[in-house]
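Please look over the sequence and structure below before reading on. The briefing that follows moves from the overall fold to confidence, cores, one helix pair and a few individual residues.

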Amino acid sequence: KSFCSGFGVSSLSTETQHCLIWILKEVGSNNMKVRKSALDLIGEVHAQLGPALQSFVKTRDLQANVISLVDKSCAANPYNPGAQQVDRPLKCLTKECAAIDSTGGESKTSSSLLSAPALDLVASLKCDCIAQISSTEGKNSWKMRKEGMDNVSKALERCGGQLSTEGKAGVSLKQLVLALRSSLSDSQSNLKPVAASLIGNLLSHMDDEAQ
């Protein structure tokens, strides 16, 4: 934890995933001190990587108790979108050199440190969720809207990586968010908090720029 706090998680570079696999294993340790240290470290990593860490965790085959502990640690250490720009007290010379390419490019973003496949959410659904959420025809149309939201929610639960925001995937994702935003004023009051929660969940699966 001291290393990640002093140098920044990005200093781990391509070894970030390997370190996280080890840390997640130690979260399930029977040794209480080891488990606590692992959770403290998970919290620090989440504060710096946020949704990238959450996406990575979903790709791992973890026991329910480990997932629960990780979720609590993440909740106690909220993501700081500006963490990558924080001036750390310690500097890694190898990272500083590697961060600059032949064109003078910038260092890697939090999402690029952890590789998880980007999902075209709308295309992955068998139904037209946008049409369902936008449905207003008939007295039972609210059931259709609820079904559409439920389908999106289930797809997000299965999502092991971040959402694709490029090309057609980005366009359809924007249309989905707009449909959900309209549902914030739905005639069925019980659907309003569902829509709000879904919008927040969608944003948590996008990279910093897309948000």
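Helix α2 passes helix α4 in a right-handed crossing, and this helix pair is one of several features described here for what is a predicted model. The protein contains twelve helices and zero strands, and buried residues account for 38% of its 211 residues.

**Helix pair α2 and α4**

- Helix α2, which covers residues 16-27, packs against helix α4, residues 51-58, at an angle of about 65°, and the two axes are 12 Å apart.
- On the α2 side the contact is made by Q17, L20, I21 and L24, while α4 contributes L53, F56 and V57.
- Sorted by class, the residues in this contact between α2 and α4 are six nonpolar and one polar, with no charged residues.

**Overall fold and confidence**

- Read from the N terminus, the order of elements is α-α-α-α-α-α-α-α-α-α-α-α.
- Among contacts in the protein with a separation of 6 or more, 74% join residues that are 24 or more positions apart.
- The mean pLDDT of the protein is 80, and 78% of the residues reach 70 or more.
- Over residues 100-107 the pLDDT stays under 50, and for this stretch the model has four contacts beyond four places in sequence.
- Where pLDDT is low, the predicted coordinates should not be read in detail.

**Nonpolar cores**

- The largest nonpolar core has 21 residues, of which L121, V152, L176, L180 and L202 touch the most other members.
- Two or more residues are given to this core by each of the elements α8 (121-124), α9 (129-134), α10 (141-158), α11 (167-182) and α12 (192-204).
- A second, separate core is made up of 19 residues, including L12, V27, L39 and V57.
- V57, a member of that second core, is also one of the α4 residues that make the contact with α2.
- Returning to the largest core, L180 is in contact with I133, M149, A195, L198, I199 and L202, when its neighbours within four places in sequence are left aside.

**Individual residues and their surroundings**

- Q54 is found in helix α4, and it is classed as partly exposed because its relative accessible area is 31%, a value that falls between the 20% limit for buried and the 50% limit for exposed residues.
- Apart from neighbours within four places in sequence, Q54 is in contact with H46 and S204.
- Q54 and H205 are 151 residues apart along the chain, yet their C-alpha atoms are separated by 8.5 Å.
- K36 lies in helix α3, which spans residues 32-49, and K36 counts as exposed because its relative accessibility is 53%, where exposed means over 50%.
- The C-alpha atoms of K36 and S73 are 9.9 Å apart in space, and the two residues are 37 residues apart in sequence.
- S124 is found in helix α8, and S124 counts as partly exposed because its relative accessibility is 38%.
- From C-alpha to C-alpha, S124 and V152 are 9.8 Å apart in space, with their positions 28 residues apart in sequence given as the separation.
- V152, the partner in that pair, is one of the residues that touch the most other members of the largest nonpolar core.

Key:
Residues numbered from 1 in each chain as written. Predicted model: local features only at pLDDT ≥ 70, side-chain atom pairs only at ≥ 80, totals over all residues. Heavy atoms only, no water. pLDDT = per-residue confidence, 0-100. Contact = heavy atoms within 4.5 Å. Core = buried A, V, L, I, M, F, W, Y, C linked by side-chain atoms within 4.5 Å. Buried < 20%, exposed > 50% of the residue type's maximum accessible area, 1.4 Å probe, protein only. Helix = DSSP H or I, 4+ residues; strand = E, 2+ residues; numbered from the N terminus. Axes fitted to C-alpha atoms, helices over the stretch in contact; angles between N-to-C directions. Left-handed = near helix turned anticlockwise from the far one by under 90°. Nonpolar A, V, L, I, M, F, W, Y, C, P; charged D, E, K, R; others polar.
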